[in-house]
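Subject: Structure handover and notes

Hello,

The structure is below, with notes on what was found in it after that. Please read the notes with the coordinates open.

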Amino acid sequence: MNAPTARTYLINGVALLGFLALTIAAAYINLGPLNTIVAMSISAAKAALIILFFMHMRYSKPVMWLFVGAGFFWLGIMLVLAMSDYLSRGWH
Amino acid sequence: MPNELLEAPVEHQFDNAEQQRDAATMGMWLFLATEVLFFGAMFLGYTAYRFSYPQAFADASRHTLIAFGGTNTAVLLISSAVMAFAVRAASQNKRGLLGLLLFVTASLGAVFLVIKGFEYAHEIREGLFPGRGFRIDAADPTHAELFYYLYWLMTGVHALHVTIGVLLISFFALRAWLTDAFQNHDTPVELLGLYWHFVDIVWVFLFPLIYMIDRHT
């Protein structure tokens with residue numbers, strides 16, 4: 001594993017705090033239904049930064065990607081299948 | 001940079017230090033995958049009910065303290081950055097620095113819990129704890145209470161994870177200072193870091209879902 005440099009960690013930390021400011025600012029602007037989408041996209045970007053750099057996934061072997069991806073893939077199955085039920089109950 | 005293959009000792013079931021380290025990291029990620037699903041079930045409950053009662057959830061969310069939530073998000077993000085530096089110090093065999101950075105990380109975790117505690121106290125005084133005493137100024141108090149049921153459950157389980165993290169990190173800080181347990185053996189610190197970053201990620205998703213459903217009206 002090539003350990004990331006201190007500079008990488010510093011930039012990553014600052015970027016995360018920047019995203020935090022952005023997400024709070026965006027919440028006070030009326031974007032209609034987009035508000036939730038913007039907020040969740042920023043959260044996903046923050047999570048990606050944490051996983052890639054702080055958790056070293058950027059520097060890991062493909063097999064590790066498989067393990068990490070599997071967890072989120074299963075979460076996706078749970079959310080998509082369950083919500084496809086809830087969201088389609090009103091359809092006639 | 002010390003050669004990480006110096007890591008000792010290699011247990012007999014592994015070919016070499018690299019394989020030993022990979023197996024440990026994979027095991028940690030496997031545990032974190034179960035944690036993703038554990039928290040995921042609660043996020044699913046939240047999503048389903050928020051789609052069913054969007055207005056009640058928006059009204060309830062406006063009663064949360066965004067200044068506390070936002071500060072806590074910053075505290076956790078900074079603690080994650082400090083933890084990343086701690087893992088780096090461990091890989092460089094800098095014992096003193098490792099102990100110090102772990103201590104700072106644990107302290108930030110404790111700050112998070114104290115802020116969360118003040119927030120909980122405020123909410124209990126306001127009657128926002130679900131149950132017989134629940135009261136809220138909202139059009140649909142029944143489903144606003146549902147929001148607060150999920151709020152207490154999810155932040156409570158998250159706070160439990162933070163508490164476990166603070167205790168573990170403090171213990172690791174003491175070990176770094178008092179022993180040479182991590183000398184040429186930084187894998188435990190690396191895994192502890194993975195756990196702490198995971199707890200941070202959970203909060204990154206909780207923050208907008210709890211505090212910012214409908215702040216612009």
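A salt bridge here is a side-chain nitrogen of Lys or Arg within 4 Å of a carboxyl oxygen of Asp or Glu. By this rule there are 7 salt bridges over all chains.

Some conventions come before the details. This is a predicted model, in which local features need pLDDT of at least 70 and side-chain atom pairs count only at pLDDT 80 or more, while totals for chains, interfaces and linings use all residues. Residues are numbered from 1 along each chain as its sequence is written, chains are lettered from A and ligands numbered from 1 in the order in which they are written, and side-chain values use heavy atoms, with hydrogens and water left out.

Salt bridges

A:K61 and B:E18 form one of the salt bridges, at 2.7 Å from N to O. This pair crosses between chains: A:K61 sits in the loop between helix 2 (34-54) and helix 3 (62-88) of chain A, and B:E18 in helix 1 (residues 17-52) of chain B. Helices (H or I, at least four residues) and strands (E, at least two) are DSSP runs, numbered from the N terminus.

A:K61 also forms a salt bridge with B:D22, where the closest N and O atoms are 2.4 Å apart. B:D22 lies in helix 1 of chain B and A:K61 in the loop between helix 2 and helix 3 of chain A, so this pair too joins two chains. A:K61, B:E18 and B:D22 are thus linked in a network of salt bridges.

For accessibility, buried means under 20% relative accessible area, exposed over 50%, and partly exposed in between (1.4 Å probe, protein chains only). A:K61 is partly exposed at 33%, and B:E18 is partly exposed at 39%. B:D22, at 16%, is buried.

Within chain B, B:D214 and B:R62 form a salt bridge with their closest N and O atoms 2.7 Å apart. The two residues are 152 apart and link distant parts of the chain: B:D214 is in the segment after helix 6 (187-211), and B:R62 is in the loop between helix 2 (54-61) and helix 3 of chain B. B:D214 is buried at 13% relative accessibility, whereas B:R62 is partly exposed at 30%.

Helix contact between the chains

How do helix 1 of chain A and helix 3 of chain B run relative to each other, roughly parallel or roughly antiparallel? The axes of helix 1 (residues 6-27) of chain A and helix 3 (residues 66-91) of chain B come within 10 Å and cross at roughly 170°. Axes are lines fitted to C-alpha atoms, for helices over the stretch in contact, and angles run from 0 to 180 degrees between N-to-C directions. Angles under 35 degrees count as roughly parallel, over 145 as roughly antiparallel, 65 to 115 as roughly perpendicular and the rest as oblique. The two helices are therefore roughly antiparallel.

Contact means heavy atoms within 4.5 Å. On the chain A side the residues in contact include A:L16, A:L17, A:L20 and A:I24, and on the chain B side they include B:T73, B:L77, B:F85 and B:R88.

One residue of this contact, B:T73 in helix 3 of chain B, is buried at 1% relative accessibility. Leaving aside neighbours within four places in sequence, B:T73 is in contact with A:L20, A:K46, B:W203 and B:F207. B:T73 and B:F207 are 134 residues apart in sequence, with their C-alpha atoms 7.2 Å apart.

Chain B overall

Chain B has 6 helices and 0 strands. Its C-alpha atoms fill a box of roughly 65 × 30 × 30 Å along the principal axes. Of its 217 residues, 54% count as buried. Among contacts in chain B between residues at least 6 apart in sequence, 77% join residues at least 24 apart.

Backbone points

Just after helix 4 (residues 95-126) of chain B, B:G127 has a positive phi of about 80°. Two residues other than glycine also take positive phi values: A:H56 near 65° and B:N184 near 55°. A:H56 is in the loop between helix 2 and helix 3 of chain A and is buried at 3% relative accessibility. B:N184 is in the loop between helix 5 (141-178) and helix 6 of chain B and is partly exposed at 31%.

Regards

Note on methods:
The expected span of a helix is 1.5 Å times one less than its number of residues.
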